[in-house]
Amino acid sequence: MKKRMTAAIAAMTALLLCACAQQETTNTIATATPTVQTTTETTAPVEDVARKAFQAALKTIHDDLRWPDMDGETGKIEIFEPSTIEDEQFAICDVDGDGEEELLVSVSNTYMAGMRLAVYGYDAASGGLRLETDGFPTVTFYPGMMKMESSHNQGHAGDVLWPYGVLTYDPASDSYQLSCFVDAWDRNLSETDFEGNPYPEDIDTDNVGHVYLITENDETRTLNQADFETWESELFAGKEEITIPWQKLTAENISAI
């Protein structure tokens with residue numbers, strides 16, 4: 001079933017809308033003026049300094065309509081009227097489980113390619129922020145892991161499943177990494193995949209008319225419904241969903257940080 005990787009990889013590309021930015025997670029992000037400095041003269045707790053850096057980044061988003069980890073053109077945020085940037089959301093909480101707070105920003109009232117969720121961590125060495133991950137804003141958070149839905153469902157999944165990726169937090173790089181991508185194939189939509197391979201009747205042993213495609217480490221395996229349900233239940237076993245304390249991205253809320 002390796003030939004089915006083409007469709008899976010294309011779907012993963014759609015999932016990670018800002019993949020180029022995600023590959024730069026080792027780089028720090030300059031915050032908006034005034035830049036937060038962490039020198040020997042700084043006596044404030046790290047948590048307070050981090051929040052000032054978060055606040056500066058949010059002001060860049062709110063005032064300049066620009067993502068702080070991108071340049072002026074590629075990072076431009078366009079909001080569909082009658083919404084404004086103040087209808088978007090942000091949150092500050094420890095979402096990756098490293099014991100420190102992260103800044104989460106979600107922008108949805110825009111064109112599809114512009115929709116984005118970004119997770120920033122504070123970098124004490126530079127006084128700036130580090131992009132831990134970004135992608136489509138339909139996300140379910142778990143301690144050290146997230147389930148991120150794809151922006152599109154243009155494969156053969158149909159109504160069987162909305163494709164999603166699973167990202168896990170890597171403490172060594174202080175970033176999230178894509179662990180696997182999950183898709184499906186509804187036989188009612190097509191008897192062949194994008195490479196011309198026939199529908200795998202030998203795998204669909206329960207004869208439900210669809211199978212599931214799991215891509216890990218550039219390899220795609222196909223599971224029937226029973227095996228997929230077992231795999232998915234084990235993947236999320238013991239993981240409790242994190243309730244994110246979202247709030248509107250208003251000037252008042254930013255000032256209150």
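Reader: What makes the G209 and D204 pair a polar contact?

Author: The backbone nitrogen of G209 lies 3.0 Å from a polar atom of the D204 side chain. A polar contact is a pair of N or O atoms within 3.5 Å; within protein, one must be able to donate a hydrogen and the other to accept it, and residues adjacent in sequence count only if both atoms are side-chain atoms. The model is predicted: local features need pLDDT of at least 70, side-chain atom pairs count only at pLDDT 80 or more, and totals for chains, interfaces and linings use all residues. Residues are numbered from 1 along each chain as its sequence is written, and side-chain values use heavy atoms, with hydrogens and water left out.

Reader: Why is D204 said to have no salt bridge?

Author: A salt bridge is a side-chain nitrogen of Lys or Arg within 4 Å of a carboxyl oxygen of Asp or Glu. The nearest side chain of opposite charge, R187, is 5.6 Å from D204. That is beyond the limit, so D204 has no salt bridge. D204 is buried all the same.

Reader: How do you know that D69 and R116 form a salt bridge?

Author: Their N to O distance is 2.8 Å. The limit is 4 Å, so the pair qualifies. D69 sits in the loop between α3 (46-64) and β2, and R116 in strand β4 (residues 116-123), 47 residues apart. Helices (H or I, at least four residues) and strands (E, at least two) are DSSP runs, numbered from the N terminus.

Reader: Why is R116 called buried?

Author: Buried means under 20% relative accessible area, exposed over 50%, partly exposed in between (1.4 Å probe, protein chains only). R116 is at 1%, so R116 counts as buried.

Reader: What makes D69, R116 and D134 one network?

Author: Shared salt-bridge partners join them. D134 also bridges to R116, with the closest N and O atoms 2.8 Å apart. D134 lies in strand β5 (residues 128-135), 18 residues from R116. D134 has a relative accessible area of 0%, so D134 is buried.

Reader: Why does the pair of D174 and R130 count as a salt bridge?

Author: The closest N and O atoms are 3.6 Å apart. That is within 4 Å, so the pair counts. D174 lies in the loop between β8 and β9 and R130 in strand β5, so the bridge ties together parts 44 residues apart in sequence. Both D174 and R130 are buried.

Reader: Why is D94 called partly exposed?

Author: The relative accessible area of D94 is 31%, so D94 falls between the buried and exposed cut-offs. D94 lies in the loop between β2 (89-93) and β3 (102-107).

Terms used. Lys, Arg positive; Asp, Glu negative; His and termini not counted.
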